[in-house]
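This report concerns the charged side chains and the backbone of one protein model. Please keep the sequence and the structure in view while reading.

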Amino acid sequence: MKTSWRNASLVATAAFVLALTTACGQENGSASSQNVGASQPAGGIDLGAGGSATGSGAGAKQPEGAAPQGAAGRLAVLDSDKYGEVLTDSAGFALYRFDKDTAEPPKTTCEGDCATTWPPVPASGATAAEGIDKSVIGEVARPDGTKQLTIGGWPMYRYAKDTKAGDVKGEGVGGAWFASDPDGKKAAGAGGKGSGSAEAIGDLPGLSTRNDPELGEVVVDKNGMTVYRFEKDTPWPMKSACTGACLEKWPVVEPVDAADTKGIDNKNDGRRGYVVLNRPDGLKQQSIDCWPLYTFSGDKKPGDTNGQGVGGTWYAISPEGKALGKPK
């Protein structure tokens with residue numbers, strides 16, 4: 001009996017160790033216990049409706065009547081009641097900046113399908129209108145060798161779903177695209193908040209929390225956008241049920257280093273489940289307590305919880321990985 005008990009104990013211990021090393025029990029070892037992985041494809045946060053490069057809308061042709069793709073011409077400023085001062089091209093179409101790009105040094109990361117939805121603005125022919133500082137106008141070489149307009153170092157884009165002058169439909173899409181002000185900063189309204197604000201989005205960690213008056217402590221991403229979990233997913237084995245067109249509305253949260261978080265249960269000891277899911281579609285997705293994380297394209301500014309309870313399957317997530325506000 002003693003021998004049998006010892007053998008059973010060894011088997012149980014081995015099973016426990018194996019469970020830890022499979023990272024949330026993900027089959028085929030497709031979940032990684034590392035906190036930082038290769039980035040999502042450039043522009044993967046949104047391809048039109050906040051989706052990823054795998055979404056069904058990827059690669060769609062630019063719709064008729066959409067924003068022009070030619071030279072910006074004489075730049076102008078749109079005085080928007082909602083967004084403040086928004087930089088536009090000579091035709092009145094809003095210009096945008098992408099959080100995955102960098103201004104110092106200028107670098108563009110939106111290529112391929114991303115550049116179909118967010119056409120880069122050519123550098124040639126761009127001139128400053130009255131009230132725009134000429135010194136902020138520059139250019140950056142794209143991987144294909146073309147020159148893209150930069151404002152304050154930030155590469156500029158148009159949005160294919162802006163169909164007429166004055167449209168600012170790209171503001172806040174995917175929590176990463178924002179209308180530019182005349183200096184290349186995020187426009188002062190809605191998601192951008194303006195970089196001069198003490199609450200500027202760029203000041204937030206990769207993942208942190210905010211106190212929601214109805215839901216309590218809610219996880220938010222680096223842009224202050226609410227983070228959700230999907231009840232059709234499974235934490236053990238960890239698996240995402242949101243694929244294809246679903247990702248257009250529910251973009252994945254990319255890997256976030258544990259050191260770049262605040263208030264998140266991220267002790268990566270194999271039991272807390274703060275690991276990265278290597279999805280079959282090639283995207284890498286952060287999880288909390290083995291639950292894959294998403295944002296919602298319908299949230300346009302920090303504090304929005306428009307995804308809460310959608311379909312009875314989407315809920316804001318707590319720093320411990322719990323579904324907030326889920327009916328008992």
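In this predicted model, Glu 231 and Arg 229 form a salt bridge, and their closest N and O atoms are 2.8 Å apart. Glu 231 has a relative accessible area of 19%, which is under the 20% limit, and therefore counts as buried. Arg 229 is buried as well, because its relative accessible area is 7%. Elsewhere, salt bridges with shared partners join Lys 164, Asp 167 and Lys 169 into one network. Within this network, Lys 164 pairs with Asp 167, with 3.0 Å between the closest N and O atoms. Asp 167 has a relative accessible area of 7% and is therefore buried.

As a general principle, side chains of opposite charge can pair when their charged atoms come close. How many salt bridges does the structure hold? The total is 10. One of them is formed by the side chains of Glu 254 and Lys 100, with an N to O distance of 2.2 Å. This pair links distant parts of the chain, since its two members are 154 residues apart. Glu 254 belongs to the loop between helix H3 (246-249) and strand S16 (276-278), whereas Lys 100 belongs to the loop between strand S4 (96-98) and strand S5 (102-103). Both Glu 254 and Lys 100 are buried.

The table lists three of the salt bridges, with the distance between nitrogen and oxygen in each.

| Acidic residue | Basic residue | N to O distance |
|---|---|---|
| Glu 231 | Arg 229 | 2.8 Å |
| Glu 254 | Lys 100 | 2.2 Å |
| Asp 167 | Lys 164 | 3.0 Å |

**A buried charge without a salt bridge**

Which side chain of opposite charge is nearest to Glu 171? It is that of Lys 186, at a distance of 8.3 Å. Glu 171 has no salt bridge, although this residue is buried. Its place is the loop between strand S9 (154-155) and strand S10 (177-179). A polar atom of the Glu 171 side chain does, however, lie 2.9 Å from the backbone nitrogen of Ala 179.

**A negative surface patch**

Asp 79, Asp 81, Glu 85, Asp 133 and Asp 183 form a negative patch on the surface. Two of these residues can be described in detail. Asp 79 lies in strand S2 (residues 76-80). With a relative accessibility of 65%, Asp 79 is above the 50% limit and so counts as exposed.

Asp 133 is located in the loop between helix H2 (113-117) and strand S7 (137-141). Is Asp 133 buried or partly exposed? Its relative accessibility is 41%, so Asp 133 counts as partly exposed. The side chain of Asp 133 also makes a polar contact of 2.8 Å with the side chain of Ser 135. Along the chain, Asp 133 and Gly 152 are 19 residues apart, and their C-alpha atoms are separated by 9.7 Å.

A second pair of positions may be described in the same manner. Leu 204 and Thr 261 are 57 residues apart in sequence, with 8.8 Å between their C-alpha atoms. Leu 204 is part of the loop between S10 and strand S11 (207-212). At 34% relative accessibility, Leu 204 is partly exposed.

**Backbone geometry**

Most residues other than glycine have a negative phi, and most peptide bonds are trans. Where does this model depart from that pattern? One case is the peptide bond from Glu 104 to Pro 105, which is cis with omega near -5°. Pro 105 is placed in the loop between S5 and strand S6 (106-107). Another cis peptide bond joins Trp 236 and Pro 237, with omega at about 0°. Pro 237 is found in the loop between strand S14 (234-235) and strand S15 (238-239).

Positive phi values appear at Asp 289, where phi is near 55°, and at Cys 290, where phi is near 70°. Asp 289 lies in the loop between strand S17 (284-288) and strand S18 (291-292), and Cys 290 is also placed between S17 and S18. Their accessibility can be set side by side: Asp 289 is partly exposed, with a relative accessible area of 27%, while Cys 290, at 8% relative accessibility, counts as buried.

Technical notes: Residues are numbered from 1 along each chain as its sequence is written. This is a predicted model: local features need pLDDT of at least 70, side-chain atom pairs count only at pLDDT 80 or more; totals for chains, interfaces and linings use all residues. Side-chain values use heavy atoms; hydrogens and water are left out. Patches are made of residues with over 30% relative accessible area and no salt bridge: like charges are joined within 9 Å, nonpolar side chains (Val, Leu, Ile, Met, Phe, Trp, Tyr) within 5 Å. Accessible areas come from the Shrake-Rupley method with a 1.4 Å probe; for residues, only the protein chains shown count as cover. A salt bridge is a side-chain nitrogen of Lys or Arg within 4 Å of a carboxyl oxygen of Asp or Glu. Lys and Arg count as positive and Asp and Glu as negative; His and the chain ends are not counted. The place of a charge is taken as NZ of Lys, CZ of Arg, CG of Asp or CD of Glu. Helices (H or I, at least four residues) and strands (E, at least two) are DSSP runs, numbered from the N terminus. Buried means under 20% relative accessible area, exposed over 50%, partly exposed in between (1.4 Å probe, protein chains only). A polar contact is a pair of N or O atoms within 3.5 Å; within protein, one must be able to donate a hydrogen and the other to accept it, and residues adjacent in sequence count only if both atoms are side-chain atoms.
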